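Reader: I'm new to this one. Could you show it to me and walk me through it?

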Amino acid sequence: MLANNASLLRDAKCSRAGCSSSAEQLLDWRNPKVHAIDRVKTWAACAAHTAFLSEYLSVREFLIATRPIDAQQVAPIDSRDSRSEEAR
């Protein structure tokens, strides 16, 4: 969803609970205990929450990659699931 639509990328909001700021980064992740190797999820993060969300995922060994939102170069790792999800 996010990764293939330039207008959605421009309007992407941070995935941090309660945050409605514009996203600047995409965080690709997977929970290896429940997701197959080809299943990648993506959260969007604003500048203020990129570090928090990255750390949240890294501590759990879920983080795969962090990349800037750039409509010219963003492509999903797995187009089946590139939705923005809310951190809990």
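Here is a short tour in questions and answers.

Author: First, this is a predicted model, where local features need pLDDT of at least 70, side-chain atom pairs count only at pLDDT 80 or more, and totals for chains, interfaces and linings use all residues. Residues are numbered from 1 along each chain as its sequence is written, and side-chain values use heavy atoms, with hydrogens and water left out.

Reader: Which pattern does the protein chain follow along the sequence?
Author: Helices (H or I, at least four residues) and strands (E, at least two) are DSSP runs, numbered from the N terminus. The protein chain has two helices and three strands. Read in sequence order, they give α-β-β-α-β.

Reader: Why do the buried residues of H2 sit on the same side?
Author: Buried means under 20% relative accessible area, exposed over 50%, partly exposed in between (1.4 Å probe, protein chains only). In helix H2, residues 50–59, the buried ones are Thr-50, Leu-53, Ser-54 and Leu-57. They share a side of H2 because their arc around the axis, taken from the directions from the helix axis to the C-beta atoms, is only 100 degrees.

Reader: And which residues are exposed on the other side of H2?
Author: Turn H2 away from its buried residues, Thr-50, Leu-53, Ser-54 and Leu-57. On that other side, the exposed residues are Ala-51, Glu-55 and Val-59.

Reader: Which strands do the buried residues of H2 pack against?
Author: Contact here means heavy atoms within 4.5 Å. The buried residues of H2 pack against E1 (25–29), E2 (41–45) and E3 (63–68).
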